[in-house]
Amino acid sequence: MHELSMADAMVKTILDVAEKNKAEEIIEVTIEIGKLTMLNPEQLRFLLDVLSEDTLLQGSKIIINEIPVEIKCNSCDFKGSTDLDDSDHYLAIVVCPQCGERDLEVTAGRECNVQKIKIEKSDEEEEK
Ligand SMILES: [Zn+2]
């Protein structure tokens, strides 16, 4: 499952950062998910919950930011956001909303990152 491997990688990243920063507690984690990743945010959240059991991440607040798809069209110079055809969740075909061409660059929407981790240390609080 797509979401499971992503969630697994994210939990590892978060715990790794927390450990390196000697976190005692993870308060808040912000994750950004591009629409083009086809990840289901609700499913991702559920899996993060399951995977964080018995770790520092258990009970932390998880914020998921969905990033809309943005393109730059090579045919008509259109720049901006475009909607995906939601009918097929496993094959994302992005076309220019202005001219309908597929000759374009995707400038946003592929993100799948841990954006921010807020931790609690024994002596100070730090935002990363
Ligand atoms: Zn175009």
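Three salt bridges are counted in this structure, which is a predicted model. Side chains of opposite charge can pair when their charged atoms come close, and the pairs described here can be followed along the chain before turning to the metal site.

Two of the pairs are found in helix α1, which spans residues 2-20. In one of them Lys12 is bridged to Asp8, with 2.9 Å between the closest N and O atoms, and these two residues of helix α1 are four residues apart, or about one turn of the helix. Lys12 counts as exposed because its relative accessibility is 54%, over the 50% cut-off, whereas Asp8, with a relative accessible area of 31%, is partly exposed.

Asp16 and Lys20 form another salt bridge, and here the closest N and O atoms are 3.1 Å apart. Both residues again belong to helix α1 and are four residues apart, about one turn of the helix. Asp16 is partly exposed at a relative accessible area of 37%, while Lys20 is exposed, its relative accessible area being 62%.

The salt bridge between Lys35 and Glu66, whose closest N and O atoms are 3.3 Å apart, links distant parts of the chain, since Lys35 sits in the loop between β1 (25-34) and α2 (41-51) and Glu66 in strand β2 (residues 61-67), 31 residues apart. Lys35, at 41% relative accessibility, counts as partly exposed, and Glu66 is likewise partly exposed, with a relative accessible area of 40%.

The metal site comes next. The zinc ion has as its protein donors the SG atoms of Cys73, Cys76, Cys96 and Cys99, which lie 2.3 Å from the ion. Along the sequence these donor residues follow the spacing C-x2-C-x19-C-x2-C. Within this set, Cys73 and Cys99 link distant parts of the chain: Cys73 is in strand β3 (residues 70-73), and Cys99, 26 residues apart from Cys73, is in the loop between β4 (79-81) and β5 (104-108).

What arrangement do the four donor atoms around the zinc ion make? The arrangement is tetrahedral, because the angles that the donor atoms subtend run from 106 to 113 degrees and so lie between the limits of 85 and 135 degrees.

Are the donors Cys73 and Cys99 buried or exposed, or something in between? Cys73 has a relative accessible area of 0% and is therefore buried, a term that applies under 20%. Cys99, by contrast, counts as partly exposed, because its relative accessibility is 35%.

Terms used. Residues numbered from 1 in each chain as written. Predicted model: local features only at pLDDT ≥ 70, side-chain atom pairs only at ≥ 80, totals over all residues. Heavy atoms only, no water. Donors = N, O, S within 2.8 Å, 3.2 Å for Na, K, Ca; no water. Tetrahedral: all angles 85-135°; square planar, octahedral: opposite > 155°, others 65-115°. Buried < 20%, exposed > 50% of the residue type's maximum accessible area, 1.4 Å probe, protein only. Salt bridge = Lys/Arg side-chain N within 4 Å of Asp/Glu carboxyl O.
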